[in-house]
Amino acid sequence: MNRLAVFDCDGTLVDSQANICRAMEACFAQHRLEPPGRDSIRRIVGLSLVPAIAALLPEAEARQHELMAEDYKRAFHAMRTDRALDPEPLFDGIVEAIDALDEAGWLLGVATGKSDRGLALILEHHGLTRRFVTLQTADRHPSKPHPSMLELAIAEAGAAPHTTAMIGDTSFDIAMAINAGTHAVGVAWGYHEPHELTAAGAHRVSDTARDLPAMLEAL
């Protein structure tokens with residue numbers, strides 16, 4: 001049975017909070033709404049767009065959440081077209097962790113609230129496209145913490161829940177792992193605090209990316 005390590009993207013592989021916050025602020029401004037603070041926006045990173053906006057604006061109706069999600073996409077696309085996107089750097093040690101896991105025989109995947117297009121651009125920019133055998137996005141799945149992304153990743157990789165580890169920075173990632181019956185590994189460098197990941201059920205929380213290979217081997 002194959003071993004599979006599935007990474008979240010935003011907050012786990014790359015630091016994308018600046019671009020997400022700017023696009024969300026533009027979206028709220030377009031609807032003549034006071035944008036939420038950046039700490040609030042960081043809290044919803046990892047959710048699919050409509051649930052994320054619903055969490056930020058719970059008093060609005062579902063139709064407005066859907067319209068704002070489309071406006072967020074347009075704002076992000078405009079930033080890309082205008083070359084106004086900030087660099088979304090890989091977190092320190094991620095490449096080394098990927099190399100070590102690959103050498104140890106782990107298959108690698110991604111499960112993210114990004115779109116197919118957004119994830120493809122990030123992976124291509126960092127030269128990582130060919131490193132992952134399964135890519136799951138919000139375009140084809142319910143939002144985290146629903147287990148659908150992990151379930152399909154496991155099937156595509158020929159793995160099993162007990163041979164799979166979900167690696168993420170938010171309680172949404174941890175809850176998805178628990179719902180799918182996989183190992184849940186939190187990372188301390190992302191957008192939710194380590195104690196929140198532990199409270200959500202994380203089996204381990206890694207302080208640095210370089211710790212991940214040994215941590216997964218010990219599961």
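These questions and answers walk through the sheet, the cores and the domain contact of a predicted model.

Student: In which order do the six strands of the open sheet stand?
Tutor: The sheet is open and its pairing is parallel. Neighbouring strands are turned by 25° against each other on average, direction ignored. The order is β3-β2-β1-β4-β5-β6.

Student: Why is one side of β3 and of β6 left without a neighbour in the sheet?
Tutor: β3 covers 134–136 and β6 covers 204–206. Both stand at the edges of the sheet, so each has a single partner strand.

Student: Which residue in β6 stands opposite V187?
Tutor: Strand β5 spans residues 183–187. β5 and β6 pair in the parallel sense over three bridges. Opposite V187 stands S206.

Student: What angle does the direction of helix α8 make with that of β5?
Tutor: Helix α8, residues 171–180, packs on the sheet. The helix touches β2, β4 and β5. Its direction makes an angle with that of β5 of about 170°.

Student: Which residues are the bridge partners of A5 in β4 and β2?
Tutor: Five bridges join β1 to β4, which run parallel. β1 and β2 also pair in the parallel sense, over four bridges. In β4 the partner of A5 is A165; in β2 the partner is L108.

Student: Which residues touch the most other members of the largest nonpolar core?
Tutor: This core holds 26 residues. Elements that give two or more residues to the core include β1, β2, β4 and β5, along with helices α5, α6 and α10. A5 has contacts with L101, W106, L107, L108, G109, A165, I167 and L216, not counting residues up to four places away in sequence. The residues that touch the most other core members are A5, F7, L108, F132, I167, L212 and L216.

Student: How many residues make up the other core?
Tutor: This core lies apart from the largest one. Among its members are C21, V45, L49 and A75. The count is 24 residues.

Student: How far apart do the C-alpha centres of domain 1 and domain 2 lie?
Tutor: The domain assignment gives domain 1 as 2–15 + 88–217 and domain 2 as 16–82. Their contact takes 18 residues from domain 1 and 15 residues from domain 2. The centres lie apart by 23 Å.

Student: Which residues in domain 1 lose the most area to domain 2?
Tutor: The area buried between the two domains is about 1400 Å². Carbon and sulfur atoms give 46% of that area. On the domain 1 side, three residues together account for 36% of what that side buries. They are S143, F172 and Y191.

Methods
Residues are numbered from 1 along each chain as its sequence is written. This is a predicted model: local features need pLDDT of at least 70, side-chain atom pairs count only at pLDDT 80 or more; totals for chains, interfaces and linings use all residues. Side-chain values use heavy atoms; hydrogens and water are left out. Two strands pair if DSSP finds at least two bridges between them. Axes are lines fitted to C-alpha atoms, for helices over the stretch in contact, and angles run from 0 to 180 degrees between N-to-C directions. Contact means heavy atoms within 4.5 Å. A nonpolar core is a set of buried Ala, Val, Leu, Ile, Met, Phe, Trp, Tyr and Cys residues joined through side-chain atoms within 4.5 Å. Buried means under 20% relative accessible area, exposed over 50%, partly exposed in between (1.4 Å probe, protein chains only). Domain bounds come from an automatic or database domain assignment. Buried area is the accessible area (1.4 Å probe) that two parts lose on being put together, summed over both.
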